[in-house]
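Here is a walk through one protein model, from its surface to its core and back out again. Keep the sequence beside you as you read.

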Amino acid sequence: MAIKHNQEIQKNHFRKDWQRRVKVHFEQPGRKLRRRENRVKKAALVAPRPVDKLRPVVRCPTVKYNRRVRAGRGFSLAELKEAGIARKLASTIGISVDPRRQNISEESLKANVARLQDYKKRLILFPRRSGKKSTKNGDASASEVTKAKKGEGVVTSLGSVIPIINHPVVTEAKIKDIEGTEDAYRKLRLARADARYVGQKEKRAKAKADEADSKKK
């Protein structure tokens with residue numbers, strides 16, 4: 001647009017000094033080394049515990065990707081209850097918990113319960129008081145604790161012991177080769193119609209019954 005009235009200067013913003021705002025990543029090799037050193041420090045700090053937590057197996061969202069499985073945020077309360085692990089105990093023994101998650105299918109529930117039970121078999125739980133001879137239910141024996149302290153049979157990552165493996169099973173066939181058992185579409189439409197007209201049907205049946213009673217009188 002042309003300048004009008006008091007001949008105001010247009011704000012074209014030609015002085016942004018963009019060269020000073022360009023960001024480069026020449027520190028990438030140094031950051032890579034720093035991340036590695038931090039991983040080693042963390043492994044030494046939490047030893048003999050693994051550096052990661054046990055996470056559930058969940059399906060990827062949407063129809064496009066739901067044939068794949070991945071690690072979820074945490075186990076649901078139903079899965080912990082089925083596996084016999086207390087909710088407050090789970091987070092203290094390296095199991096991630098997500099109280100908001102719900103189990104929609106029985107298949108995922110059984111798979112994650114089996115995953116928890118496998119973890120419980122491998123778990124070496126140190127007693128709270130090392131000086132006491134009496135141990136609580138679930139605590140490891142003295143020999144197992146001694147071996148764990150020496151580093152025998154200890155893993156640093158759960159992914160190497162209890163991995164999440166993808167086995168997408170895709171079967172293809174022609175429609176004529178598949179034998180149809182029932183008409184699902186017709187079944188759903190009939191159920192929808194029955195639910196929609198249930199009031200009218202009851203009204204007709206009641207009117208018919210009243211008419212039959214009046215004829216008897």
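Helices here are DSSP runs of H or I with at least four residues, numbered from the N terminus. By that count, helix α1 spans residues 28-46, and Arg35 lies in it. Bear in mind that this is a predicted model.

Start with charge on the surface. Arg35 belongs to a patch of positive charge there. Its partners in the patch are Lys32, Arg34, Arg36 and Arg39. How open to the outside is Arg35? It is partly exposed, with a relative accessible area of 46%. A patch residue needs over 30% relative accessible area and no salt bridge. Arg35 clears the area cut-off, because its relative accessible area is 46%.

Now step back along the chain to the segment before α1. Phe26 lies there. Phe26 is exposed, at 71% relative accessible area. In general, nonpolar side chains in soluble globular proteins tend to be buried together. Phe26 instead helps to make a nonpolar patch on the surface. Trp18, Val22 and Val24 are the other members, and the patch covers about 490 Å².

The end of α1 leads to a backbone feature. Ala47 and Pro48 are joined by a cis peptide bond, with omega at about 5°. Pro48 sits in the loop that runs between α1 and β1, the latter being residues 57-59.

A second backbone feature comes at Thr62. This residue is not a glycine, yet its phi is positive, at about 70°. Thr62 is placed in helix α2, which covers residues 62-65. Thr62 is also exposed, with a relative accessible area of 53%.

Next, go inside. The largest nonpolar core holds 14 residues. Which of them have the most contacts inside the core? They are Leu54, Phe75, Leu80, Ile85, Ile95, Leu116 and Tyr119. Two helices, α3 (77-83) and α5 (106-122), each give this core at least two residues. The largest share comes from α5, with four residues.

Helix α5 also carries a salt bridge. The side chains of Arg122 and Asp118 meet at 3.2 Å, N to O. Why can these two be paired along the helix? They are four residues apart in α5, so about one helical turn separates them. Arg122 is partly exposed, at 47% relative accessible area. Asp118 is partly exposed too, at 28%.

How many salt bridges does a search of the whole structure find? The search finds seven. Two others are worth a look.

One of them joins Arg100 and Asp98, at 3.5 Å from N to O. Is each partner buried or exposed? Arg100 counts as exposed, with 62% relative accessibility. Asp98 is buried, at 9% relative accessible area. Burial here means under 20%, so Asp98 qualifies with its 9%. This bridge therefore pairs an exposed side with a buried one.

The other joins Asp194 and Lys201, whose side chains meet at 3.3 Å, N to O. Asp194 is partly exposed, with a relative accessible area of 43%. Lys201 is likewise partly exposed, at 44%.

To retrace the route, begin at the positive patch that includes Arg35. Move to the nonpolar patch with Phe26. Pass the cis bond between Ala47 and Pro48, then Thr62 with its positive phi. Finish at α5, which supplies four residues to the largest nonpolar core and holds the Arg122 and Asp118 pair.

Notes
Residues numbered from 1 in each chain as written. Predicted model: local features only at pLDDT ≥ 70, side-chain atom pairs only at ≥ 80, totals over all residues. Heavy atoms only, no water. Patch = residues over 30% accessible without salt bridge, like charges linked within 9 Å, V, L, I, M, F, W, Y side chains within 5 Å. Areas by Shrake-Rupley, 256 points an atom, 1.4 Å probe, with all protein chains shown as cover. Salt bridge = Lys/Arg side-chain N within 4 Å of Asp/Glu carboxyl O. Lys, Arg positive; Asp, Glu negative; His and termini not counted. Charge placed at Lys NZ, Arg CZ, Asp CG, Glu CD. Buried < 20%, exposed > 50% of the residue type's maximum accessible area, 1.4 Å probe, protein only. Core = buried A, V, L, I, M, F, W, Y, C linked by side-chain atoms within 4.5 Å.
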